[in-house]
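I set out to record what I looked up in this structure, entry by entry. The topics are the metal site, the salt bridges and one buried position.

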Amino acid sequence: MVSIKSSTDLKKMREAGLIAGRALKLAGESIKPGMTTKALDKIVHDYIISCGAKPSFLNYNGFPGSACISINEEVIHGIPSHKRRIQEGDIVSVDVGAFYNGFHGDTCATFPCGKISKEAQELLDVTEASLYEGIKAAVVGARLGDVSHAVEQYVSERGYGIVREYCGHGIGRELHEAPEVPNYGKAGHGPRLVAGMTFCIEPMINQKGDAIKVLRDGWTVVTKNGSLAAHFEHAIAITPDGPILLTKP
Ligand code: MG
């Protein structure tokens with residue numbers, strides 16, 4: 001069941017979304033060579049707590065961090081670690097969730113650490129732009145497939161791979177609600193978008209090929225061929241005036 005949010009709910013979701021969005025921005029500004037992913041996680045954790053909110057991901061299905069931090073060929077769900085240091089030239093995906101006043105916010109971006117290759121920068125640009133293509137398609141009266149298709153078309157035209165096994169999702173009182181929001185699909189298909197729907201669009205894009213695998217830690221998802229991956233996400237609300245970005249600071 002897709003839950004429809006009232007305007008009061010949406011106000012609260014914007015508050016939760018802002019906390020997540022600001023935590024993400026802070027994480028991006030804090031990344032520097034030599035830093036451990038655990039130290040970056042602590043920055044996110046402490047910020048969310050300082051807002052009176054809770055990190056949505058901490059202990060979610062047993063996840064041992066407040067942010068998922070995924071470097072280079074890691075696509076999603078990287079576990080913060082005291083042993084893992086971020087290096088100059090890495091691309092670092094930080095996925096952040098905050099629970100506040102009964103609602104969740106969920107957002108992600110991939111940040112460069114120092115100077116990165118032209119190819120890596122291009123991957124970040126295409127992935128972020130594909131998120132905004134999806135958001136543009138998320139209007140009242142459109143179908144969910146239009147959103148998925150918009151992301152897919154933008155990405156495939158540029159020759160990048162799309163992760164199929166993971167996707168965006170409804171969000172609200174639960175971190176993951178219906179509907180699923182795949183990053184590929186048929187235009188004109190799927191549920192009709194109505195005002196008050198809230199969901200996350202989150203393209204997970206590989207430099208080469210769609211294939212992924214899960215590492216033995218049971219969490220970290222990496223590209224099967226070791227190519228780079230990027231991930232951008234916003235939670236949005238469908239309104240008569242167009243989509244609202246709940247997680248943009
Ligand atoms: Mg998400």
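**Metal site**

I began with accessibility and noted that Asp106 is buried, as is Glu202. I record here that the model is a predicted one.

I then looked up the ligands of the magnesium ion. The ion is coordinated by Asp106 through OD, His169 through NE2, Glu202 through OE and Glu233 through OE. The coordination distances run from 2.1 to 2.4 Å. Along the chain, the donors of the magnesium ion follow the spacing D-x62-H-x32-E-x30-E. The pair Asp106 and Glu202 links distant parts of the chain, the two residues being 96 residues apart. I located Asp106 in strand 5, residues 103–112. Glu202 lies in the loop between strand 9 (198–201) and strand 10 (204–206).

**Salt bridges**

I searched the whole structure for salt bridges and found 8. I wrote up three pairs from my search.

The entry for Asp9 pairs it with Arg173, the closest N and O atoms being 3.7 Å apart. This pair also links distant parts of the chain, at 164 residues apart. Asp9 sits in helix 1 (residues 7–30), whereas Arg173 is in the loop between strand 7 (168–170) and strand 8 (177–181). Is Asp9 buried or exposed? I classed Asp9 as buried because its relative accessible area is 15%, and the cut-off for buried is under 20%.

Next I examined Asp46, which forms a salt bridge with Lys42; their closest N and O atoms are 2.6 Å apart. Both residues belong to helix 2 (residues 37–50). Asp46 and Lys42 are 4 residues apart, about one turn of the helix. Asp46 has 35% relative accessibility, so I entered it as partly exposed.

My third entry is the salt bridge between Glu157 and Arg158, with 3.5 Å between the closest N and O atoms. Glu157 is exposed because its relative accessible area is 56%, the cut-off for exposed being over 50%. Arg158, at 39% relative accessibility, counts as partly exposed.

**Ser130**

Lastly I turned to Ser130, which I found in helix 3 (residues 118–136). Its relative accessibility is 0%, so Ser130 counts as buried. Which residues is Ser130 in contact with, leaving aside its neighbours within four places in sequence? I listed Val151, Tyr154, Val155, Pro203 and Ile205.

Note on methods. Residues are numbered from 1 along each chain as its sequence is written. This is a predicted model: local features need pLDDT of at least 70, side-chain atom pairs count only at pLDDT 80 or more; totals for chains, interfaces and linings use all residues. Side-chain values use heavy atoms; hydrogens and water are left out. Donors are N, O and S atoms within 2.8 Å of the metal (3.2 Å for Na, K and Ca); water is not among the atoms, so sites may look incomplete. Buried means under 20% relative accessible area, exposed over 50%, partly exposed in between (1.4 Å probe, protein chains only). A salt bridge is a side-chain nitrogen of Lys or Arg within 4 Å of a carboxyl oxygen of Asp or Glu. Contact means heavy atoms within 4.5 Å.
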